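Let's take a walk through this structure together, one piece at a time. Keep the picture open as you read.

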Amino acid sequence: MGNFSSIHAAKGRRFKLRRKPIQLGSLDSHGATMSHEGIKTVRVDNRCDFSSYSDLCICVVTWNMNGQVTYEDLAELVGNNRKFDLLVVGLQEVPRKNISRLLQAALLDSHILLGNSIMQSIHLYVFGLKDSDLFTKEVKIDKSPVGGFGGLIRRKKGAVAIRLNYKGITMVFISCHLSAHAQNVEKRNSEFRNVSESLFSQKLNPYARPAQITVWLGDLNYRIQGIGNYPARDLIHNDLHRQLTNNDQLLQEAERGQIFEGYSEGTLTFKPTYKYNIGSSNYDTSYKVRMPSWTDRILFKTQDTEEIHATLHSYEAMDDIHSSDHKPVKAHICLKLSKPS
């Protein structure tokens, strides 16, 4: 069960969906999904009419920091284009630094901190535009640890979460770090289920209204399997890495109905985000020669697709950050209410 606590807290078209592997559909009631059909792959709509057509735009970033941080990296992480209402930053393997202060400095007062949830090396921050605290209420945090003593080496496993109501839209953001190693698929599946059942447990608050949108982000640690390491690297080197999506454990397990039922994710057009030689964009050349994998992901799910519509406007890795063996992943999600909240 999560450690449920409260804290004081101070916008696109409907998208077309492509079910794995190629079936097309829609996220509304006219295209209701069947059981166990996997994660819905969302095509990116590159045009975002910030604050004009959308009711809310959210920038979501996840990054396994590998215990290292510089101000320059965090400034690159938040970027200069601040065309979003909320910035959600999920971090794993975070060093013992004041990350909140560094992020706030990098944002240069364009956004203020609305809430944070921290469990040792797993962090989650939600920032909003200036004066956004006037539109924010019911901010709650929760935590769900899994596994043993990884926190002792700043590699804690589990998840932290923030639930809030912003401009009448109820949202849940979950930053997680699941168990490593290719063979631990079932362990990761189990951890996902335990975290899902634990965070903001309905048993503790059975009358709570479900969130209108839930966003999972983090180092989920699902790997590429069923292909040799060097053939996989050859595909990546020749910009044919999208052929590896059929070998992605996360998509495979979702298609089996084990995890992320009803969730959507952008197309994996970027290269696998792990494991890199630190300080470069070259994949692991150590004696372990880790298989490149899309360990770092952002997925989202809307509760009532007749009430709220989501569009994905970007889903990309940030290849210019080299201080970790993971590349950060960033998504831009916009929400449109079909009726007033």
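Start with helix α2, which covers residues 99-107. This helix lies across three strands, β6, β7 and β8 (122-129), and runs at about 30 degrees to β8. Bear in mind as you look around that this is a predicted model.

The strands under α2 belong to something wider. Here 6 strands make up an open sheet, and if you step across it the order is β7-β8-β6-β5-β16-β15, with mixed pairing. At the edges sit β7 (111-119) and β15 (308-317), each of which pairs on one side only. On average, neighbouring strands of this sheet are turned by 15 degrees against each other, direction ignored. As background, strands of a sheet pair through backbone hydrogen bonds, either parallel or antiparallel. For one pairing to follow by eye, try β15 with strand β16 (residues 329-337): the two pair in the antiparallel sense, over 9 bridges. Within that pairing, tyrosine 315 has alanine 331 in β16 as its bridge partner.

A second helix also packs on this sheet. Helix α1 (residues 71-78) touches β5 (56-64), β6 (86-92) and β16, and its direction makes about 145 degrees with that of β5.

So how do α1 and α2 sit against each other, parallel or oblique? They pack at an angle of about 60 degrees, with their axes 9 Å apart. That angle makes α1 oblique to α2. The crossing of α1 and α2 is right-handed. If you want to see who meets whom, look for Tyr71, Leu74, Ala75 and Val78 on the α1 side, and for Leu102, Leu103, Ala105, Ala106 and Leu107 on the α2 side.

One of those residues deserves a stop of its own. Leucine 74, in helix α1, is buried, because its relative accessible area is 0%. Setting aside neighbours within four places in sequence, leucine 74 is in contact with Trp63, Met65, Val69, Leu102, Leu103 and Ala106. You can also look from leucine 74 to glutamine 104: these two are 30 residues apart along the chain, and their C-alpha atoms are separated by 9.7 Å.

Now move along to strand β10 (residues 157-166). All the way along, 10 of its 10 residues are buried, so β10 is largely enclosed by the rest of the structure. In a regular strand the side chains alternate between the two faces of the sheet. You can trace this out in β10: Lys157, Ala159, Ala161, Arg163 and Asn165 point one way, while Gly158, Val160, Ile162, Leu164 and Tyr166 point the other way, and all are buried.

What does β10 pair with? One partner is strand β9 (residues 136-146), which pairs with β10 in the antiparallel sense over 9 bridges. In this pairing, proline 145 stands opposite glycine 158 in β10. Another partner is strand β11 (residues 169-177), again antiparallel to β10 and again over 9 bridges. There, alanine 161 stands opposite isoleucine 174 in β11. β10 and β11 form a hairpin with 2 residues between them, and lysine 167 in the turn has a positive phi of about 55 degrees.

That brings us to a few backbone oddities. Most residues other than glycine have a negative phi, and most peptide bonds are trans. Glutamate 138 has a positive phi, near 55 degrees, and its place is in strand β9. With a relative accessibility of 46%, glutamate 138 counts as partly exposed. Histidine 181 has a positive phi too, near 80 degrees, and is found in the loop between β11 and α3 (185-198). Its relative accessible area is 35%, so histidine 181 is partly exposed. As for the peptide bonds, a cis one joins tyrosine 274 and lysine 275, with omega at about 0 degrees. Lysine 275 is found in the loop between β13 (264-266) and β14 (296-302).

Finally, a word on confidence. The chain has a mean pLDDT of 87, and 83% of its residues reach 70 or more. Over residues 4-35, though, the pLDDT is below 50; beyond near neighbours in sequence, this stretch has 88 contacts in the model. Where pLDDT is low, the predicted coordinates should not be read in detail.

How values were computed. Residues numbered from 1 in each chain as written. Heavy atoms only, no water. Pairing = 2+ DSSP bridges. Helix = DSSP H or I, 4+ residues; strand = E, 2+ residues; numbered from the N terminus. Axes fitted to C-alpha atoms, helices over the stretch in contact; angles between N-to-C directions. Contact = heavy atoms within 4.5 Å. pLDDT = per-residue confidence, 0-100. Buried < 20%, exposed > 50% of the residue type's maximum accessible area, 1.4 Å probe, protein only. Parallel < 35°, antiparallel > 145°, perpendicular 65-115°, else oblique. Left-handed = near helix turned anticlockwise from the far one by under 90°.
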